[in-house]
Amino acid sequence: GQVELVILNLVVNARDAMPNGGRIAIETANANLDAEYARTHLGAHPGSYVMLSVSDSGTGMDPETRARIFEPFFTTKEAGKGTGLGLSIVYGIVKQSGGFIWCDSEAGVGTVFKIYFPRAAGESAGRPAPEQLRIRGGDETVLLVEDEGGVRRMVRDMLSRHGYTVLEAADGAAAHSLLRESSQAVHLLLTDVVMPDLSGRALAESLQALRPGLKVLFMSGYTDESILRRHLIEPEYFLQKPFSPDILAVKVREVLERA
């Protein structure tokens, strides 16, 4: 699931960098990196890796832009065209896996991201069979607040397939406008925790003042447990990104039915 989220973010950025069309290539390979490579690539260590590469023939980036791409909320997009590249999430996933990410880009030529995951030795132990989930949908209305457009569309589709009516907002201001201007009943707020204008926790408190009884489910791609403590979020009201449609359906139903 995390690899899917990495690829989704990189491909969406590649698409946006090619407004007049172009070519995206996704490649994998085994890679053995030596001390000389590690010396010239910050964050790299010698060893055996599996390399995942996503490249495009788009507009590319100048050195100043490339130096900032992994900063949370940094964006090259105009107002109203998105809030960030999503690369801070990619960076976090790669680092938590013990790997590293390298970007090479040239303005007017294109961009390539190379991700190196440490290669495991020996045979795969296999995964135990998952517990059977009790998956049920519903007909309630969910307000979905997520600043990354690609992720928001994906979560919207997951919820719609389970029967829910979904209202979408890209940020806290849009969510407030939706609830102020509509008399439609909203049963659940599903919001990202870390957003550029207003934290998910602050948004939930302000919307619950507008709509008493509104239930809340938080989600985030950041895996550090301190995010729960910092934002005063109880684990039972939190969903770790990335998640499958079934996990989302179970968690949404669980929160909606909690007294």
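What follows is a conversation about a predicted model, taken up one feature at a time.

Colleague: Why are helix 5 and helix 9 called roughly perpendicular to each other?

Modeller: Helix 5 (residues 149-161) and helix 9 (residues 245-257) pack at an angle of about 65°, with their axes 10 Å apart. Angles of 65 to 115 degrees count as roughly perpendicular, and the two helices are therefore given that description. The crossing of helix 5 and helix 9 is, in addition, right-handed.

Colleague: Which residues of helix 5 and helix 9 meet, and how do they divide into nonpolar, polar and charged?

Modeller: From helix 5 come V155, M158, L159 and R161, and they meet P245, L248 and V252 of helix 9. The residues of this contact divide into six nonpolar and one charged, with no polar residue among them. Arg counts as charged, and R161 in helix 5 belongs to the contact.

Colleague: How many aromatic pairs are there, and what makes the pair of Y49 and Y116 edge-to-face?

Modeller: The count comes to three aromatic pairs. For Y49 and Y116 the ring centres are 6.1 Å apart, and centres within 6.5 Å are what a pair requires. Their planes stand at 85°, and since planes over 60 degrees apart count as edge-to-face, the pair is given that name. Y49 lies in strand 2 (residues 47-56) and Y116 in strand 4 (residues 110-118), so that the pair links distant parts of the chain, 67 residues apart.

Colleague: Why, then, is the pair of F100 and Y116 called stacked?

Modeller: Here the centres are 4.8 Å apart and the planes are at 15°, which falls under the limit of 30 degrees, so the pair is stacked. Because F100 lies in strand 3 (residues 100-106) and Y116 in strand 4, the pair ties together parts that are 16 residues apart in sequence. Both F100 and Y116 are buried, as is Y49, and Y49, F100 and Y116 form one aromatic cluster.

Colleague: How do you know that helix 4 is largely enclosed by the rest of the structure?

Modeller: Seven of the ten residues of helix 4 (residues 87-96) are buried, so helix 4 is described as largely enclosed. A residue is called buried under 20% relative accessible area, and those of helix 4 that qualify are L87, S88, I89, V90, G92, I93 and V94.

Colleague: What covers the buried residues of helix 4, and which residue just after helix 4 takes a positive phi?

Modeller: The cover includes helix 1 (2-16), strand 3 and strand 4. Just after helix 4, G98 takes a positive phi of about 80°.

How values were computed:
Residues are numbered from 1 along each chain as its sequence is written. This is a predicted model: local features need pLDDT of at least 70, side-chain atom pairs count only at pLDDT 80 or more; totals for chains, interfaces and linings use all residues. Side-chain values use heavy atoms; hydrogens and water are left out. Axes are lines fitted to C-alpha atoms, for helices over the stretch in contact, and angles run from 0 to 180 degrees between N-to-C directions. Helices (H or I, at least four residues) and strands (E, at least two) are DSSP runs, numbered from the N terminus. Angles under 35 degrees count as roughly parallel, over 145 as roughly antiparallel, 65 to 115 as roughly perpendicular and the rest as oblique. A crossing is left-handed if the near helix is turned anticlockwise from the far one by less than a right angle, and right-handed if clockwise. Contact means heavy atoms within 4.5 Å. Rings of Phe, Tyr and Trp (its six-membered ring) pair if their centres lie within 6.5 Å; planes under 30 degrees apart count as stacked, over 60 as edge-to-face and the rest as tilted. Buried means under 20% relative accessible area, exposed over 50%, partly exposed in between (1.4 Å probe, protein chains only).
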